[in-house]
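Thank you all for making time this morning. I would like to walk you through one structure, slowly, for those of you who have not seen it before.

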Amino acid sequence: MSATIIDGKAFAATVREKVAGHVARLKEEHGITPGLAVVLVGEDPASQVYVRSKNKATKEAGMLGVEYRLDADAPQDELLRLIEDLNTNPEIHGILVQLPLPGHLNEDLVINAIDPAKDVDGFHISNVGLLGTGQKSMVPCTPLGCLMMLRDHHGSLSGMNAVVIGRSNIVGKPMAQLLLGDSCTVTIAHSRTKDLPEVVRRADIVVAAVGRPEMVTGDWIKPGATVIDVGINRIDAPEKGEGKTRLVGDCDFDSCAAVAGAITPVPGGVGPMTIACLLANTVTACCRANGLAEPEGLTA
Ligand SMILES: Nc1nc2c(c(=O)[nH]1)N[C@@H](CN(C=O)c1ccc(C(=O)N[C@@H](CCC(=O)O)C(=O)O)cc1)CN2
């Protein structure tokens, strides 16, 4: 069997187009411009790239995009003061603090300082609780992107067996909640799960978010299953020349694609959907803040 490739880059482009359409209508009909503030602390090279991409995509969608950069050794109080300012700024509907934060900062405390209504990452404890109890919340961008791709590919997910490999607060746990919300039978597995390959072999849907390069191999996959690879791992690529690297997922693409019914590639799969869903969440937050109907198809 040769899997259908789920093209996240192309799908993200359609989401971004929809977002831009909603932004244009918000401006035209209500005189409102959605605004997103992205905060970066320190100079982590990957984070710098992601923050730049987020700000560029925000502006391309017609929204207000503001970037705040703090020194790597910025005291926690300075970051909390900035968040407080953004919480009360009426031009800002979404706030995102890029993770990971430098070690001296308390990530939980910082995230929970964000106004939950502006928490477009969906990481605030209130949003976590709302999602976990099936109430309207802000939904974390990466799992939301995975859900959108799964719904687009399958239509209904009801009754499917889903295995999420990884139990992070950012991906694994919210992904499991979203799949449960769509009536899947969900197992959360992780590196210490006994007989992990056997558990994964039962899945109609596999979401790999474990952070280990190419850990999931084709012999773990049930024939015809859908594989969503959330991993983004940079590994050495001596075949490309000395010192060169390449990106791989948590799944060994070739062996999994030979067995799966559908699979997301890395790069070009889940990653682009993360940024598209951030834009979608910002429009959703803006509509909610202004008592307007939420855009259809852009939320869970
Ligand atoms: N506050 C947050 N911090 C982080 C999040 C997040 O959702 N909120 N997620 C990740 C990083 N991330 C966004 O911030 C992110 C990662 C990857 C991509 C992406 O498009 N990747 C490309 C490949 C890019 C490359 O060539 O390096 C792909 O997969 O095709 C977008 C966003 C951690 N921090």
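Let me begin with helix α7, which lies across β5, β6 and β7 and runs at about 170° to β6. Before I go on, please keep in mind that what you see is a predicted model.

The strands beneath that helix deserve a careful look, and I will take them pair by pair. Strand β5, residues 161–165, pairs with strand β6, residues 185–189, in the parallel sense, and five bridges hold the pairing. If you want one place to find this pairing on the screen, look for Ala162, whose bridge partner in β6 is Val186. Between these two strands the chain passes through helix α7, residues 172–181, and the β-α-β crossover made in this way is right-handed. In the loop between α7 and β6 you will come across Ser183, a residue other than glycine whose phi is nevertheless positive, near 65°.

β5 also pairs with strand β7, residues 205–208, again in the parallel sense, this time over four bridges. Here the residue to look for is Val163, which has Val206 as its bridge partner in β7.

Now let us step back to the sheet as a whole. Which strands make it up, and in what order? It is an open sheet of six strands, ordered β1-β11-β8-β7-β5-β6, with parallel pairing. At its edges stand β1, residues 4–5, and β6, and because each has a single partner strand, one side of each is left without a neighbour in the sheet.

There is another sheet to show you. This one is open as well, and its three strands follow the order β3-β2-β4, with parallel pairing. The edge strands are β3, at 64–70, and β4, at 94–97, each of which pairs on one side only. From one strand to the next, the twist averages 15°. Strand β2, residues 35–41, runs parallel to β4 and is joined to it by four bridges, and Val38 is the residue that stands opposite Leu96 in β4. Across β2 and β3 lies helix α2, residues 45–60, running at about 170° to β2.

With the sheets in mind, we can turn to the domains and to the ligand. The protein is divided into domain 1, covering 30–117, and domain 2, covering 141–272, and the centres of the two, taken over C-alpha atoms, are separated by 28 Å. Where does the ligand lie with respect to domain 1 and domain 2? Both domains give residues to the shell around the ligand, and therefore the ligand lies between them.

That shell is worth describing in some detail. There are 17 residues around the ligand, and those that come nearest are Tyr50, Leu99, Pro267, Gly271 and Thr274. Two or more residues of the shell come from each of β4, α6 (141–154) and α10 (270–289), and it is α10 that gives the most, with four residues. By kind, the shell divides into 11 nonpolar residues, five polar ones and one charged one.

Finally, I would ask you to look at two peptide bonds in the backbone. Leu99, which we have just met among the residues nearest the ligand, is joined to Pro100 by a cis peptide bond, with omega about 5°, and Pro100 is found in the loop between β4 and α4, the latter at 107–111. Pro267, also named among those nearest residues, is joined to Val266 by a cis peptide bond, with omega about 0°. The place of Pro267 is in the loop between β11, residues 262–263, and α10.

I will stop there, and I am happy to go back to any part of the model.

Conventions
Residues numbered from 1 in each chain as written. Predicted model: local features only at pLDDT ≥ 70, side-chain atom pairs only at ≥ 80, totals over all residues. Pairing = 2+ DSSP bridges. Axes fitted to C-alpha atoms, helices over the stretch in contact; angles between N-to-C directions. Contact = placed C-beta atoms within 7 Å. Right-handed = clockwise from strand over helix to strand, strands pointing away. Near = placed C-beta within 6 Å. Nonpolar A, V, L, I, M, F, W, Y, C, P; charged D, E, K, R; others polar. Domains from an automatic or database assignment.
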